[in-house]
Amino acid sequence: MIVTIFIVIIISATFLFTIFRDKKCLPGPWNLPIVGYLHKLDPAAPYLTFTKLGQEYGPVYSVKLGSVNAVVITDAKILKKVLAKDETLQRPQLYLLDCVFNRKGILMLPVDVWKDQHKFLIHFLRIIGASKVSPNKKTFEALIRKYLEEFVQLIRSQDHCAAMDPTKYIAHCVNNIAGMMLLGKSYSWDDKTVTDLTQNLDEVVKHVAFGGPLNFMPLLRFIPTFKKSLASLKKSLHVVRDIQKKLIKECQESTSSSKIEVPSNLIQAFLLQMSKGSPEHIYNHDQLRCLLFDLYVAITETVKTCFRWILLYLAQYEEVQNKVRQELLEVETDDFADLHYTKATLAEVARIRTVVPIGVPQLVSENICVEGFAIPKDAVIMPMLWAIHMDPKVYEEPEEFRPERFLNNDGKFFRPESYLPFQTGKRMCIAEDMTQMMVSMFVGVVLKNFKLAPSDSSPIDFTGICNSTLSPKPQKIVFKPI
Ligand code: HEM
């Protein structure tokens, strides 16, 4: 009896303390002790729950996720101010993300080491031509073109009367671009190493989600469903790491004999840095492996997803597809900047199906106050990119696919303040230029070779599958050769 009363008192005290503490600082829903609000998140689409809460509690609210004090931001202007601060440069330590990223590599790297690695990567992208300001831009464009042409050939070799799911061909194309950039290696269509790598990476990505409950309540790992999912994640991670070690070894063996002057892939750039006597606590083999892992996932998962959404929207909206094709054929330019309607269409796809809907979380290292919102130390910022892109106050009828919303009165492309597919701040995605190069060339090559259409047998399903990215469900479309 005494034990029961004691437990009831502890639970009630935690409950009241939680409510009192949350209400004092920021608005937000009532949280249960221990689980907080986790039990109310839509497991298939947590970004929708967070977006709905934003409509109820405003652009900055606090919500308890397990033991984590999360601060969700659904307004672009406020998010920009918050993430511009040095106090929000750190990434949080979250269970699942730690299992996968190990606090090495780049994405979840602690700030002290991150500063060096961030600089190193920006320089690397410039050297290989994957940046708008790079003198080697043409070399990187030629690399993309080569694998896009292979993609076209693979699609052309299929039966064109039948609809098909192009995902595996897209994956092959993007894997090879990533392979060349990172390892200096490309692979044949049926290469077993890459097939295993891709399948296991897909499995890792399926289980890892920035908003996943295991991140906030590691104790859940003892419950059978989570236990099974974690076991599957660890098994795939193990395979991926083994394959990557093998690939690095192969690449190292072929590089070490020749002296590297200008690196053409990440391994060479990293080894060059190591040979210059750079600090060993940063430039070591373990960090190289983790960096390769992060970048491989960053490139293949996001770009593949982005290409797939583009094809689905162009197949569904024939009029938009024809206008983009017409612009690509009429405007003779090497510069994507002149293709206003094409740019607007690609921006609209990136808005309406935000590839990273929950953004990547950041940790508040000191109390901060932005626009009157007091955000406490140790809170985890959840940048709700989906809510920002679906805000009806900014984007009228946000569920409607309308490229014109990115055109001004002169028909020129403009970028609204509330357009943040790559997030914002010092830790924002390093590859916006590179992605833009890949995406614009992809659209150019596809629309000059094929007319896209939905399959006769099933309409296109735009509901996404949410893990760390929001990707389309597997489905078929028609590619009619032009
Ligand atoms: C459609 C394509 C892509 C989208 C939508 C995307 C989106 C994002 C987002 C939202 C973040 C979090 C940024 C932040 O925390 O502020 C991020 C980080 C990052 N992205 Fe991308 N990304 C894409 C493609 C790529 C590619 C192709 C690369 C390859 C180089 C890449 C490399 C990275 C890296 C290294 C980070 C971590 C930055 C850091 O913590 O310093 N991304 N990306």
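Q: Axes are lines fitted to C-alpha atoms, for helices over the stretch in contact, and angles run from 0 to 180 degrees between N-to-C directions. On that basis, at what angle do helix H6 and H16 pack?

A: At about 40°, with the axes of H6 (residues 137-156) and H16 10 Å apart. The helix numbers come from DSSP: runs of H or I with at least four residues are helices, runs of E with at least two are strands, and both are counted from the N terminus. This is a predicted model, so local features need pLDDT of at least 70 and side-chain atom pairs count only at pLDDT 80 or more, while totals for chains, interfaces and linings use all residues. Residues are numbered from 1 along each chain, following the sequence as written.

Q: What handedness does the crossing of H6 and H16 have?

A: Right-handed. The term applies if the near helix is turned clockwise from the far one by less than a right angle; anticlockwise would be left-handed.

Q: Which residues make the contact between H6 and H16?

A: H6 brings Phe-140, Glu-141, Ile-144, Arg-145, Leu-148 and Val-152, and H16 brings Met-437, Met-438, Met-441, Phe-442, Val-445 and Asn-449. Being in contact means that C-beta atoms, placed from the backbone, lie within 7 Å.

Q: How do the residues of the contact of H6 with H16 divide by class?

A: Nine are nonpolar, one polar and two charged. Here Ala, Val, Leu, Ile, Met, Phe, Trp, Tyr, Cys and Pro count as nonpolar, Asp, Glu, Lys and Arg as charged, and the others, Gly among them, as polar.

Q: How do H12 and H16 cross?

A: At roughly 35°, with axes coming within 11 Å, and in a right-handed sense. Val-303, Cys-306, Phe-307 and Ile-310 in H12 meet Thr-435, Met-438, Val-439, Phe-442 and Val-443 in H16. That contact has eight nonpolar, one polar and no charged residues.

Q: What makes a residue part of the shell around the ligand?

A: Its C-beta atom, placed from the backbone, has to lie within 6 Å of the molecule. 24 residues surround the ligand, and the closest are Ala-298, Thr-302, Gln-423, Cys-429 and Ala-431. Helix H12 (285-316) and helix H16 (432-449) are the elements that give two or more residues, and H12 gives the most, with six.

Q: Why is Leu-125 classed as it is, between buried and exposed?

A: Buried takes 20 or more other C-beta atoms within 10 Å, exposed takes 12 or fewer, and partly exposed is in between. Leu-125 has 18 such neighbours, so it counts as partly exposed. Leu-125 sits in helix H5 (residues 111-128), and its contacts beyond four places in sequence include Ile-430 and Ala-431.

Q: How do you know the class of Gly-184?

A: By the same count: Gly-184 has 17 other C-beta atoms within 10 Å, so it is partly exposed. Gly-184 lies in the loop between helix H7 (167-183) and helix H8 (192-207).

Q: Why do strand S1 and strand S3 count as edges?

A: Two strands pair if DSSP finds at least two bridges between them. S1 (60-65) and S3 (362-363) each have a single partner strand, so one side of each is left without a neighbour in the sheet. The order of this open sheet is S1-S2-S6-S3, with mixed pairing.

Q: What makes S2 and S6 a pair?

A: S2 (residues 68-73) and S6 (residues 380-383) share four bridges, in the parallel sense, so they meet the requirement of at least two.

Definitions and conventions:
Two residues are in contact if their C-beta atoms, placed from the backbone, lie within 7 Å.
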